Amino acid sequence: MPKIVVSGRGGCGKSTLVTLMAKELKEQGKTVLVVDSDESNLGLGTMLGFKPAEKTLMDYLGGKPAVMDKLMAQIKEEKNEHAEFFMENSDLNSLSPEFVKWNGDLALMQVGKIEHTMEGCACPMGAIARDFLNHLAVEEDQWVLIDTEAGVEHFGRGIVEGADSVLMVVDPSNDAVLLTEKAAKLTEEAGKNFAVVLNKVDGKTTSILEEMLTLKNITIKGILPYSSTLAHINLQGESLDMPSAIGELDKLITGIT
Ligand SMILES: Nc1ncnc2c1ncn2[C@@H]1O[C@H](COP(=O)(O)OP(=O)(O)O)[C@@H](O)[C@H]1O
Ligand SMILES: [Mg+2]
């Protein structure tokens, strides 16, 4: 199955959707790798219900200074191609447990986190994420869900280039609609598939969003209503399980395959 980048503005529900989809896919007997590429996100492991591995992908590759050196050497040599951190293709089962933590058929890895003030931008995280995804081979019953930072920076950093499709989470706000239009264009430019899921909506906001997005020729593949249960589970720092969302998740999963 495809490697899917889950995109959207801050707080729209990217990590929530990644978690719910990952758990539902696991229930359906699929193998799922969740890639946390949001360097500020701290709660994904809590939502999934298990801790990530001790090392991030960045740690595994020797740390940010080593990765930066490699990227700088590339720039100095004026090479236009991307720096390669992985020489060979790998599959889900051969990934090092040093940076990938398994819980049954569900795995979690983190690309890297901002740990210090003034440590510089997150571009090196983007470079290794892209190369990792480009070298990752997935089979029919395997899914890779990539949780991202807010906005569209992952397009600029090239993470989308390493994936097959973009799943845009749209909450009921005008900003989300504007961002969706932009993301749809960037996804088309990258030559990838684009799908939209509405989140935190009710009947009224669903029909307004449907109208607005239809005008922009954007099709909605799934709808996740606002749920106070879900908000409470998250607030209390508990693992996210939402049996009532399963019908909607099923439809969404079918819609994007
Ligand atoms: N369908 C929903 N109903 C109610 N609350 C939701 C829903 N989806 C997400 N939330 C809440 O919105 C907040 C932001 O969600 P999160 O998944 O962390 O967003 P993001 O990863 O896009 O920043 C969290 O408090 C989460 O519990
Ligand atoms: Mg998040």
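Which residues does Phe85 touch, not counting residues up to four places away in sequence? In this predicted model, the contacts of Phe85 counted in this way are Leu61, Val67, Lys70, Leu71, Ala127, Ile128 and Asp131. Phe85 itself is found in a loop, the one that runs between helix 4 (64-76) and strand 3 (90-91). The residue is classed as buried because its relative accessible area, 13%, falls under the cut-off of 20%. A further relation across the sequence involves Phe132, which is separated from Phe85 by 47 residues along the chain, while the C-alpha atoms of Phe85 and Phe132 lie 7.6 Å apart in space.

The model also contains an open sheet, which is formed by eight strands arranged in the order 4-5-2-7-1-8-9-10 and in which the pairing is mixed. The edges of this sheet are occupied by strand 4 (100-103) and strand 10 (220-225), each of which pairs on one side only. From one strand to the next, the twist averages 20 degrees.

Within the sheet, strand 2 (residues 31-36) and strand 7 (residues 142-147) run parallel and are joined by six bridges. For Val32, the bridge partner in strand 7 is Trp143. Strand 7 is also one of the strands touched by helix 10 (residues 246-255), which packs on the sheet and, besides strand 7, contacts strand 8 (165-170), strand 9 (193-201) and strand 10. The direction of helix 10 makes an angle of about 165 degrees with that of strand 10, which is itself one of the edge strands.

Technical notes
Residues numbered from 1 in each chain as written. Chains lettered and ligands numbered in written order. Predicted model: local features only at pLDDT ≥ 70, side-chain atom pairs only at ≥ 80, totals over all residues. Heavy atoms only, no water. Helix = DSSP H or I, 4+ residues; strand = E, 2+ residues; numbered from the N terminus. Buried < 20%, exposed > 50% of the residue type's maximum accessible area, 1.4 Å probe, protein only. Contact = heavy atoms within 4.5 Å. Pairing = 2+ DSSP bridges. Axes fitted to C-alpha atoms, helices over the stretch in contact; angles between N-to-C directions.
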